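Me: I would like a close look at a single part of this protein, its main nonpolar core. Please describe how that part is built, and then place it in the context of the rest of the chain.

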Amino acid sequence: MGWEAVLRQGEKVARYADLVDAGLSMSTLRSRVRSGRWQRVLPGVLVAHSGPMSARQRWRAGLAYAGPGAVLSYRSAAHLHGLRIVERDVEVTVPHGCRRPPSGFVVVHQALVPVVCVVRVGLPCTDAARTLVDVACRLPLRGDVRAMVSDAVQRRLVDVDDLRAQVDSAPPNGSRWLRLTLDEVVAGARSAGEAEFLQLIRRARLPEPEWNATVHTASGSYVVDALWRKQRVGGEVDGMAWHLDAASWEQDLRRQNHIHAAGFTLLRFPVRRLRDDPLGVIDDLRAALCVPQPPPHLP
């Protein structure tokens, strides 16, 4: 393969050594870099044009710098898998024992456990479950972990069983929020709001409902976030955008009326109220479920 083919294959990104091995003289290479026609973007890595790099060229440059066996990982792989997380630097993971210092816009991680490589849009990266675990273990807030995991599971970007296997091998340090969030997802919470609702119900020691349960009515079947079937009470968490348009709002009203007509009381809680008025939410649920208030704490 000639050096022109090396550049084509790498989308104009290549290592100096690969170009020289393919027949380009080092003097010509250095001349083009000095003249500004090409750019040295990382140690031993260039891009064969003078303009800004595209996102793909940044990823390719990071892989080229990290060397054989490197894969895109963490936030870079999250971007490729469609996870809703902001990428800052290009992040790559190299096999255990390979030492490659960070440089420029590239962060290098060493794999403590073997990496399963998958290919997304022609680029090697960690699989979705491993990627999510890597990122989540570095998020400091439980709410951020919950939002990312719930979103990924709901959009079927990651399989729950695969995620559980990855969590089992994750180091205890840093994975606490992730383990708790996975328990919520397994229990039936499909969104960050539902996970907060679940946590609130358990903290208040209310009866455990059926999660994402089906209610059969004369007009069809509907899924309710939380259902106390014996008490014929349902609870739902409404996100910020649940009533954005008139058609959706009317459809939601019909659904709610059908559930009421089937003999169920349906309580609706905006996500904001779960956070701003948790005691009020619990009081509403206690009243609907006919659960007495707990006795006051005696000193």
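Reply: The account below begins with the core, follows some of the residues in and around it, and then turns to other parts of the chain.

The model is predicted, and its confidence should be stated before any detail is read. The mean pLDDT of the protein chain is 86, with 92% of residues reaching 70 or more. Confidence is highest in strand S4 (residues 71-72), at a mean of 97, and lowest in helix H9 (residues 176-187), at a mean of 75. Residues 240-244 have a pLDDT below 50, and this stretch has four contacts in the model beyond near neighbours in sequence. Where pLDDT is low, the predicted coordinates should not be read in detail.

The largest nonpolar core comprises 24 residues. Those with the most contacts inside this core are Leu 42, Val 45, Ala 61, Leu 72, Val 90, Val 92 and Val 106. At least two core residues are supplied by each of strands S2 (39-42), S3 (45-47), S5 (90-94), S6 (106-110) and S8 (123-126), and likewise by each of helices H4 (55-66) and H5 (74-81). H4 provides the largest share, with six residues. A second, separate core has 22 residues, among them Val 145, Met 148, Val 153 and Leu 178. In soluble globular proteins, nonpolar side chains tend to be buried together.

Leu 42 offers a convenient entry into the main core. Setting aside neighbours within four places in sequence, Leu 42 is in contact with Ala 61, Gly 62 and Tyr 65, and also with Ser 103, Gly 104, Phe 105 and Val 106.

Two of these partners merit separate attention. Gly 62 belongs to helix H4. Because its relative accessible area is 0%, Gly 62 is buried. Beyond residues up to four places away in sequence, Gly 62 touches Leu 42, Val 90, Val 92 and Val 106, and these four residues are listed among those with the most contacts inside the core. The C-alpha atoms of Gly 62 and Leu 72 are 8.1 Å apart, with the two positions 10 residues apart in sequence numbering.

The other partner, Ser 103, is located in the loop between S5 and S6. Its relative accessibility is 17%, so Ser 103 counts as buried. With residues up to four places away excluded, Ser 103 touches Leu 42, Pro 43 and Tyr 65.

Helix H5, another contributor to the core, is mostly covered, with seven of its eight residues buried. The buried residues are Tyr 74, Arg 75, Ser 76, Ala 77, Ala 78, Leu 80 and His 81. Just after H5, Gly 82 adopts a positive phi of about 90°.

A pair of helices provides a further example of nonpolar contact. The axes of helix H6 (residues 128-136) and helix H7 (residues 142-154) come within 10 Å and cross at roughly 170°. This crossing angle is why H6 is described as roughly antiparallel to H7. On the H6 side, the residues that meet H7 are Leu 132, Val 135 and Ala 136; their counterparts in H7 are Val 145, Met 148, Val 149 and Ala 152. By class, this contact has seven nonpolar residues, no polar residues and no charged residues. Val 145 and Met 148 also appear in the second core.

Burial in this chain extends to a charged side chain in a strand. Glu 236 is found in strand S11 (residues 233-238). At 5% relative accessibility, Glu 236 counts as buried. Beyond residues up to four places away in sequence, Glu 236 touches Phe 197, Val 223, Val 224, Asp 225, Arg 255, Leu 266, Leu 267, Arg 268 and Phe 269.

Three loop residues complete the description. Ser 219 lies between strand S9 (210-217) and strand S10 (220-228), and with 47% relative accessibility Ser 219 counts as partly exposed. Its C-alpha atom is separated by 8.8 Å from that of Arg 255, 36 residues apart along the chain. Glu 11, in the loop between helix H1 (3-9) and strand S1 (13-15), has a positive phi near 55° although this residue is not glycine. Glu 11 is partly exposed, at a relative accessible area of 27%. Arg 205, in the loop between helix H10 (192-203) and S9, has a positive phi of about 60° and is likewise not a glycine. With a relative accessible area of 79%, Arg 205 is exposed.

How values were computed:
Residues numbered from 1 in each chain as written. Predicted model: local features only at pLDDT ≥ 70, side-chain atom pairs only at ≥ 80, totals over all residues. Heavy atoms only, no water. Core = buried A, V, L, I, M, F, W, Y, C linked by side-chain atoms within 4.5 Å. Buried < 20%, exposed > 50% of the residue type's maximum accessible area, 1.4 Å probe, protein only. Helix = DSSP H or I, 4+ residues; strand = E, 2+ residues; numbered from the N terminus. Contact = heavy atoms within 4.5 Å. pLDDT = per-residue confidence, 0-100. Axes fitted to C-alpha atoms, helices over the stretch in contact; angles between N-to-C directions. Parallel < 35°, antiparallel > 145°, perpendicular 65-115°, else oblique. Nonpolar A, V, L, I, M, F, W, Y, C, P; charged D, E, K, R; others polar.
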